[in-house]
Amino acid sequence: MRLWPFGARETRSFKRPDMIASSAPWEEWATFLGYGTNTVSLPRVTVETALEVPAVFDAVNFLERMMGTLPLHAYRDVDGKPKRDTGDLTMLLNEAPNPEWTAANWRRYMWHGVFTGGRGVSWIERDGVKPVAIWPMDPAQTTVIRRNGRKFYRHATTEYPAADVIDVTFALRSDQLAAYGPIHMGRKAIGLAIAMNDFAAGFFAGGGIPPMALEGPLPAGPEAFKRAQEQIQRAIDLARKAGRAFFGMPPGHSLKAVGIDPDKGQMTEARLFQIQEIARLYGLPPVFLQDLSKGTFSNTEQQDLQLVKHLVLHWAVIFEQELNLKLFGQRRRAREVKHNLDGLQRGDFKARIEAIARGIQTAQFTPDEARELDNRQPYPDGVGAKPYIQGATVPLGTEPQPAIGHNGGPPLDDPEKDKTDAGTED
């Protein structure tokens with residue numbers, strides 16, 4: 001089955017005549033006004049037309065850039081503790097998965113497929129069991145099949161087993177083969193945004209003139225009426241081209257605006273709502289689609305936290321588990337890959353430094369570990385490898401220790417007396 005089944009149903013875009021006679025039958029009026037018939041529907045939505053909507057392009061571009069540039073580290077288990085691996089696998093995931101692609105562009109391509117058609121796929125080239133390259137595959141040219149209970153990916157004339165294909169889906173269908181894509185599932189909301197864009201473009205390109213109805217004694221016969229329409233339209237066009245504020249009308253005739261103008265139809269509010277609908281489709285806080293209509297200094301910061309906790313973290317785990325399964329196998333124990341999300345949670349410089357200092361003072365990490373967060377070199381001679389804690393911090397219920405005075409004796413009550421009595425014998 002194909003992975004991107006967009007636009008399977010043919011639809012028609014909004015097409016209507018420029019003018020209509022007041023004596024026209026209801027069917028013509030319904031077509032003219034754009035409702036009441038089954039011949040008018042939302043514009044056909046494909047990946048290409050959807051990306052022409054600024055909110056959709058912004059959502060897809062933002063998500064693919066963010067997920068494509070997150071640090072992705074490989075770890076190896078050493079004596080029961082994970083240790084960063086700096087070998088070939090780290091190079092594949094963070095620098096160049098193959099001789100033609102950078103790691104950031106490869107992952108962006110993967111995530112672009114996920115956030116448009118609903119699927120991103122790549123093939124793992126191996127030398128024995130060792131991964132030596134990762135090659136992106138075009139989801140539109142990939143077919144997923146199941147044979148003898150096993151899943152295979154057919155791309156062009158080559159077939160790959162599921163164990164060698166990295167497959168990230170937006171949401172799987174019930175057959176466990178095809179995927180739901182956000183653009184396909186949100187095609188009505190996106191189509192409405194396209195329709196409003198087209199209406200606004202046509203309205204303003206036409207000089208802001210709404211649809212008109214011709215009132216007055218009409219010529220008999222369809223040909224005579226058609227000629228009258230053409231003459232009036234020619235007069236309108238000539239007046240517009242000449243920059244005139246008015247044009248002549250036949251005696252006893254007038255033009256009357258029909259329908260609702262954009263302001264009364266709350267077009268601005270409707271277009272703003274479509275941005276929020278598209279943000280809802282991707283699970284994005286609206287502020288990341290440049291919608292600050294309800295943004296404040298406090299809630300925009302909370303939306304930043306919501307992005308990491310409820311969106312980025314989920315997709316990061318999905319990608320990590322897919323990579324771990326396909327790179328190391330089902331029963332891997334000593335190897336794993338993991339994203340580093342610290343960079344998304346840094347905040348401002350002052351707050352970050354204060355948080356790091358507090359972490360060192362409470363022995364949650366060593367000075368060297370804190371320096372590593374900013375890619376700084378550790379202290380020499382292992383000074384920063386030890387955990388530190390404030391000396392006043394003791395377990396609850398500990399008896400206070402007596403202070404030590406001069407020459408190891410008990411403390412003196414009056415330091416000045418100590419100076420006066422110095423050298424005096426009883």
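Start with D381, which counts as exposed at 78% relative accessibility, because anything over 50% gets that label. Keep in mind as you look around that this is a predicted model. D381 sits in the loop between α12 (367-372) and α13 (415-420). Its backbone has a quirk too: the phi angle of D381 is near 60 degrees, a positive value in a residue that isn't glycine. That's worth a second look, because most residues other than glycine have a negative phi.

Stay in that loop for a moment. Y388 lies between α12 and α13 as well, and at 39% relative accessibility Y388 counts as partly exposed, because that value falls between the 20% and 50% cut-offs. Together with Y379 and V383, Y388 forms a nonpolar patch on the surface, and the accessible area of the three adds up to about 290 Å².

Where can you find another positive phi? Try Q176, whose phi is near 65 degrees, again in a residue other than glycine. Q176 belongs to the loop between β10 (171-172) and β11 (179-180). With a relative accessible area of 47%, Q176 is partly exposed.

Now hop over to a helix. L272 is part of helix α9, which covers residues 267-282. Is L272 buried, exposed or something in between? L272 has a relative accessible area of 30%, so it counts as partly exposed. Leaving aside residues up to four places away in sequence, L272 touches D291 and S293. Take D291: it is 19 residues from L272 along the chain, yet the two C-alpha atoms are separated by 7.9 Å.

Time to go inside. In soluble globular proteins, nonpolar side chains tend to be buried together. Here, the largest nonpolar core has 49 residues, and the members that touch the most others are V56, M67, L93, F115, Y282, L284 and F319. Which residues does V56 touch, if you skip those up to four places away in sequence? The answer is A50, L51, I183, I190, I278 and Y282. There is also a second, separate core of eight residues, with V121, M137, V144 and A162 among them.

Let's finish with the aromatic rings. Searching the whole structure turns up ten aromatic pairs. In one of them, the ring centres of W106 and F319 are 6.3 Å apart and the planes meet at 50 degrees, so this pair is called tilted. The two partners come from distant parts of the chain: W106 is in helix α5 (residues 103-116) and F319 is in helix α10 (residues 297-328), 213 residues apart. W106 counts as buried, because its relative accessibility is 0%. F319 also has 0% relative accessibility, so F319 counts as buried too.

F319 has another ring partner, W111. This time the pair is edge-to-face, with 5.4 Å from centre to centre and 65 degrees between the planes. W111 lies in helix α5 and F319 in helix α10, so the pair ties together parts that are 208 residues apart in sequence. Like F319, W111 is buried.

Finally, zoom out from single pairs. Ring pairs join W106, W111, F115, F170, Y282, W315 and F319 into a cluster. You've already met some of these names: F115, Y282 and F319 are among the residues that touch the most other members of the largest nonpolar core.

Definitions and conventions. Residues numbered from 1 in each chain as written. Predicted model: local features only at pLDDT ≥ 70, side-chain atom pairs only at ≥ 80, totals over all residues. Heavy atoms only, no water. Helix = DSSP H or I, 4+ residues; strand = E, 2+ residues; numbered from the N terminus. Buried < 20%, exposed > 50% of the residue type's maximum accessible area, 1.4 Å probe, protein only. Contact = heavy atoms within 4.5 Å. Core = buried A, V, L, I, M, F, W, Y, C linked by side-chain atoms within 4.5 Å. Patch = residues over 30% accessible without salt bridge, like charges linked within 9 Å, V, L, I, M, F, W, Y side chains within 5 Å. Areas by Shrake-Rupley, 256 points an atom, 1.4 Å probe, with all protein chains shown as cover. Salt bridge = Lys/Arg side-chain N within 4 Å of Asp/Glu carboxyl O. Phe/Tyr/Trp six-rings, centres within 6.5 Å; stacked < 30°, edge-to-face > 60°.
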